[in-house]
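These are my notes on one structure, taken in the order in which I looked things up. I began with a helix and then went on to the sheet, the ligand and a distance.

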Amino acid sequence: MNKMPLLSVSDLTVAFETDDGDIAITDQVSFQISPGEIFGLVGESGCGKTVTALALLKLLPMPGGKILSGRVLLRGRDILSLDPEGVRDVRGKSISMIFQEPAAALNPLLTVERQIMECFDYHPFEGDKNKRILDLLHRVGFPDPHRILAAYPHELSGGMLQRVMIAMALIMKPDLIIADEPTTALDVTVQAQIMELLVEMKQETDTSILLITHNLGLIAQYADRLAVMYAGRIVEESSVQAFLDNPLHPYTKGLLDALPKLTIGESEIVPIPGQVPQPRDYAVGCRFRDRCGKAFARCIEKPPLYHVAEDQQVACFLYAQRIES
Ligand SMILES: Nc1ncnc2c1ncn2[C@@H]1O[C@H](COP(=O)(O)OP(=O)(O)O)[C@@H](O)[C@H]1O
Ligand SMILES: [Mg+2]
């Protein structure tokens, strides 16, 4: 990859304040996204994907959420140090977000049309606004966009709200779309339609996409690279091809083994034993070790990220010897 990254996240540690003090949810999360790249962020529920996404745009729930350390650079511009006006400028125009919970992100008192029109209040737009809106609503799968525009959020299903949000996120042709479980509420055919639309955006305007999902099928089909998160940490980062051909981390292998297979005769699904820990129970050292069949003495230390191949890094001591010897 020789292009300058569009987004560069380094050492991002996010915490929530509690009566017992700050509890860190993520631990030094780092990744980079290139222009026009679809970058997947995967991991089981509760591992800190949404918290990471919200932190990128300074959208953590307040009071309570806070960034303990880290930098987020958009084309070299430091987002976390921007004042509220600066962040508003970035949001929607340079970076837009498709939230995991569309019902919570839309205002119940305003029609869809009013809320979509508000997108234009913050950023200049050249061209026919109505045409752009109708076109996008069509492309997210509404045969009668005028009916949708006149509706209030409560009159629409979860899947319809999700599609409205996706249309809103695309209006300004942002450089980066953060899509947090964008298709979870949608049935499979609409899901495919939405993903194709995101791919078209990538091709037409070099838009990058941070695709957050626990659906590895979506990643395999659409992403270029991915990071696997476990208990607040990135445990593996690689190209999608390397991830499918040669997964490294025992957790990553476990995720792939836990997938239902379509091939007849290969139907064995192997679930990962145990459960994802709560942030207040995160172990010292490797956080996956009590679920890991390969754990050994050294796993009580925190594993660094080892560069195993040009397009693969893994935080696991199983790969230490290769590098250190
Ligand atoms: N507002 C909040 N206050 C306290 N803890 C939170 C809050 N939001 C999320 N968390 C905790 O942060 C952890 C990561 O959550 P989240 O980022 O939503 O995970 P994911 O998106 O990977 O499923 C979870 O343990 C969750 O309980
Ligand atoms: Mg989430």
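**Entry 1: helix α4.** I note first that the model is predicted. I looked at α4 and found Arg114 and Asp121 exposed on one side. On the other side I recorded Val112, Ile116 and Cys119 as buried in this helix, which spans residues 112-122. The three buried residues cover an arc of only 30° around the axis, which puts them on the same side of α4. I then asked what covers the buried residues of α4. The cover includes α5 (129-139), α6 (145-150) and α7 (158-170).

**Entry 2: the sheet.** I traced an open sheet of 8 strands with mixed pairing, in the order β7-β8-β9-β4-β10-β11-β13-β12. The edges are β7 (95-98) and β12 (306-309); each has a single partner strand, so one side of each lacks a neighbour in the sheet. On average, neighbouring strands are turned by 20° against each other, direction ignored.

**Entry 3: strand β8.** Which residues of β8 are buried on its two faces? I listed Leu176, Ile178 and Asp180 on one side, with Ile177 and Ala179 on the other. In total, 5 of the 5 residues of β8 are buried. This fits a general expectation: side chains in a regular strand alternate between the two faces of the sheet. I followed the pairing next. β7 and β8 run parallel and are joined by 4 bridges, and Met97 has Ile178 as its bridge partner in β8. β8 also pairs with β9 in the parallel sense, over 5 bridges; there Ala179 has Leu211 as its partner in β9.

**Entry 4: strands β10, β11 and β13.** I found 6 of the 6 residues of β10 buried, so this strand is largely enclosed by the rest of the structure. Arg225, Ala227 and Met229 point one way from β10, while Leu226, Val228 and Tyr230 point the other way. The pairing of β10 with β4 is parallel, over 4 bridges, and that with β11 is antiparallel, over 6 bridges. I noted that Ala227 stands opposite Leu41 and has Glu237 of β11 as a bridge partner. Glu237 in turn stands opposite Gln313 in β13. β11 (residues 233-239) and β13 (residues 312-314) run antiparallel, joined by 3 bridges. In the hairpin of β10 and β11, with 2 residues between the strands, Ala231 takes a positive phi near 45°.

**Entry 5: helices on the sheet.** I checked which strands α1 lies across. They are β4 (38-42), β8 (176-180), β9 (208-213) and β10 (225-230), and the helix runs at about 150° to β8. I also saw α7 pack on the sheet, where it touches β7 and β8. The direction of α7 makes about 175° with that of β7.

**Entry 6: ligand 1.** I counted 14 residues around ligand 1, of which Phe16, Ser45, Lys49, Thr50 and Val51 come nearest. By class, I entered 6 as nonpolar, 7 as polar and 1 as charged. Which helix gives the most to this shell? I found it to be α1 (residues 49-56), with 3 residues.

**Entry 7: Leu255.** I located Leu255 in helix α11 (residues 250-257). Is Leu255 buried or exposed? I counted 21 other C-beta atoms within 10 Å, and the cut-off for a buried residue is 20 or more; Leu255 is therefore buried. Its C-alpha atom is separated by 33 Å from that of Gly92, with the two residues 163 apart along the chain.

Notes
Residues are numbered from 1 along each chain as its sequence is written. Chains are lettered from A and ligands numbered from 1 in the order in which they are written. This is a predicted model: local features need pLDDT of at least 70, side-chain atom pairs count only at pLDDT 80 or more; totals for chains, interfaces and linings use all residues. A residue is buried if 20 or more other C-beta atoms lie within 10 Å of its own, exposed if 12 or fewer, and partly exposed in between; C-beta atoms are placed from the backbone. The arc is that of the directions from the helix axis to the C-beta atoms. Two residues are in contact if their C-beta atoms, placed from the backbone, lie within 7 Å. A residue is near a molecule or strand if its C-beta atom, placed from the backbone, lies within 6 Å of it. Ala, Val, Leu, Ile, Met, Phe, Trp, Tyr, Cys and Pro count as nonpolar, Asp, Glu, Lys and Arg as charged, and the others, Gly among them, as polar. Two strands pair if DSSP finds at least two bridges between them. Axes are lines fitted to C-alpha atoms, for helices over the stretch in contact, and angles run from 0 to 180 degrees between N-to-C directions.
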